[in-house]
Amino acid sequence: MDSLLREELPTIVSNGAFGKNLKYVSFELDKDLVGQDQYMSTVLFGTVTTSDESKHRAVIKLKLRDEKTRIKFKIDFQFHNEITMYEKIIPFIIECYRSMRGVGDCPTLARYFYGRNKCGEFAEKDLIILENVVPLGFRLSEERLFIDYDHLLIAVQALAKFHGLSYTAKHKDPEHIRKIVMDIRETQFDEEGQYKFKNNALSRLGKRGVDRLLERSGDLYRDNEHIQRFKDLVDDGDNSLMRMFNPREPFSVVCHGDFNRNNVLFQYNGAGLPVDILLFDFGTPRYGSPALDLSFFLYMNTTQDLRENRWDDLLNAYCLTLAEFVPPGIRVPNRAELDSEMSKCALYGFAHASLFLPYQIKGADEVYDVEMDEKQSLEWFLQVGGDTGSELVADMVQHIVAMKYTYV
C-alpha cells in the first residue's frame, strides 16, 4: 500500500489535487493511526509534503483487495457515489445555499483532495484522498454502542443542516439537482430488484423481535393492530423497502444513506461536551425521504429508555434547526409532516439496526466467518448477541408499534 501511494502521489499532486503548480516532495505514512469501523475499505493516514513546503495531513481510502468482497458489497459503486458526492453534489448544494444565505453555518465536512474509480483491473489502484481532521480535534465518540443525548442532539442538528442544503438547492435550481442525483448508483438493491440482505432476511429479523416482544409482553401486544401491520411489512420486505426508497416530493433530499456514529466525528470543548460534528463516508447516498437518515441514526444509536423519553425532543430539534437554517420562504417539513415521513420510513432504520446492533454486542466466541454463504451468514446474524441481542431487536419493534410507524 505504501509503495502504491508513493508511485501514484507524484502524478496526483502535479495534476493539482493539493493546489495549482505544485510538485510532490514526499509521503510519510502514519503507522500509529489506523482506520476504525471501515468495513468496506482500507484506510491509511499520512502526510503529503508539496513543493511549497506545505504538509497535508491526509486520510486515504483504498478498495479491498478481495474481488468477491468488492462485488458483493458493490464497493465500485460506493467509490463512484462518494466521488460524485464530493465532486458534484455537495459543491452544488453548498453553492446554492451560500448564494442565498452567505457563508452561513454549513455542515462541517472534510476537505476533498482527489478520487479515482477506474474499476476492473485498476481497482486496486483506485483511491479517495480526504483531509485528516484528527489534528483539528475531531474524533469518534468514545461510546461504541449507544451515544448520549448531547451527542444525539448535535448529530440531528447537523443532519438537519445537511438536508437543508438540498431544500435550498431544490428551491434555487430544481432541474440541476434532479439531474445530478440521477448519477447516484444503487447500492441497496441488485439488478433483479432484490434487497442486498436476501433469504427473507427482513422477515426473519422482524420475527426475532416480535417473538421476543410477545414473550415478555404478550397480553399487551398479541392483538395489537400495529404488530400485525409490522409483520406484514417485514414479510413483504423487498417491496416495503422499495416503496420507502421512492422519492416523494416536496420533502425528498440528498440523504447521507449511512448516517451513524461510525460515520461522524465529534469535536469537543474543554468540558468534554460535543460542540461540532463532521460528516464523512458518502458511499451509499440516495435521493429520498429525510426520515431514511433519521430512522437509521436514531434506531442505531439510542437506548429504549432514551427513545421513550427524548424521541420528541430530538425530532423537534431537527425540525427547528432545519427551519432556522434554510433561507426564508423555502418549504421544509414541519413536525407533523416529519412524523408522517417517519411512519413511512422507520422500517429502514429497523432493517439495519436489527442486523447490526446485536452484532455490536457479540461475544468473544461469536466469530463471523467470511467464508459463510448468504444463508449461513443470515443464520449467524439471527443468533448473534444471544438473548441481549433479541431484547434490543424487540425494543425497536415495541417502539415502532408504539409510534404507529407502520404506514409504509
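The legends below describe an overall view and several close-ups of a predicted model.

Local features are given where pLDDT is at least 70 and side-chain atom pairs only at pLDDT 80 or more, while totals for chains, interfaces and linings use all residues. Residues are numbered from 1 along each chain as its sequence is written, and side-chain values use heavy atoms, with hydrogens and water left out.

**View 1. The whole protein chain, with 13 helices and 11 strands.** Helices (H or I, at least four residues) and strands (E, at least two) are DSSP runs, numbered from the N terminus. The C-alpha trace spans about 70 × 55 × 50 Å along its principal axes. The radius of gyration is 22 Å, which agrees with the value near 22 Å for a compact globule of 408 residues; the radius is taken over C-alpha atoms, and the globule rule is 2.2 Å times the number of residues to the power 0.38. Of the 408 residues, 54% are buried (buried is under 20% relative accessible area, exposed over 50%, partly exposed in between, with a 1.4 Å probe and protein chains only). Among contacts with a separation of 6 or more, 75% are between residues 24 or more positions apart (contact means heavy atoms within 4.5 Å).

**View 2. Residues 128–328, annotated in UniProt as "domain: CHK kinase-like".** The feature comes from an unreviewed entry; UniProt positions are given in the numbering used here, feature names are shortened, and annotations may be inferred rather than shown by experiment. This stretch is 53% helix and 11% strand. Its end C-alpha atoms lie 36 Å apart.

**View 3. The open sheet of 5 strands, in the order E1-E2-E3-E6-E5.** Pairing in this sheet is antiparallel (two strands pair if DSSP finds at least two bridges between them). Strands E1 (24–29) and E5 form the edges, each pairing on one side only. Neighbouring strands are turned by 25 degrees against each other on average, direction ignored. Axes are lines fitted to C-alpha atoms, for helices over the stretch in contact, and angles run from 0 to 180 degrees between N-to-C directions. Helix H3 (residues 75–101) lies across strand E3 (55–63), E5 and E6, and runs at about 145 degrees to E5.

**View 4. The edge strand E5 and its partner E6 (residues 127–131).** The two strands run antiparallel and are joined by 4 bridges. Tyr114 stands opposite Ile129 of E6, and the bridge partner of Gly115 in E6 is Ile128. In a regular strand the side chains alternate between the two faces of the sheet. Of the 5 residues in E5, 4 are buried.

**View 5. The salt bridge between Arg116 and Glu8.** A salt bridge is a side-chain nitrogen of Lys or Arg within 4 Å of a carboxyl oxygen of Asp or Glu. Here the N to O distance is 3.0 Å. Arg116 is in strand E5 (residues 112–116) and Glu8 in helix H1 (residues 2–14), so that the pair links distant parts of the chain, 108 residues apart. Both Arg116 and Glu8 are buried. The structure holds 26 salt bridges.

**View 6. The salt bridge between Glu379 and Arg204.** Its N to O distance is 2.6 Å. Because Glu379 lies in helix H12 (residues 374–383) and Arg204 in helix H6 (residues 201–221), the pair ties together parts that are 175 residues apart in sequence. Glu379 counts as partly exposed at 35% relative accessibility, and Arg204 likewise counts as partly exposed at 31%.

**View 7. Other salt bridges, including that of Asp219 with Arg222.** The side chains of Asp219 and Arg222 meet at 4.0 Å, N to O. Asp219 is exposed, with a relative accessible area of 80%. A network of salt bridges links Arg212, Glu215, Arg216, Asp387, Glu391 and Asp395.

**View 8. The open sheet of 4 strands, in the order E4-E10-E9-E7.** Its pairing is mixed. The edge strands are E4 (108–109) and E7 (138–139), each paired on one side only. E4 and strand E10 (residues 274–279) run parallel and are joined by 2 bridges. Leu109 has Leu279 as its bridge partner in E10. Helix H4 (residues 149–172) lies across strand E9 (264–268) and E10, at about 45 degrees to E10.
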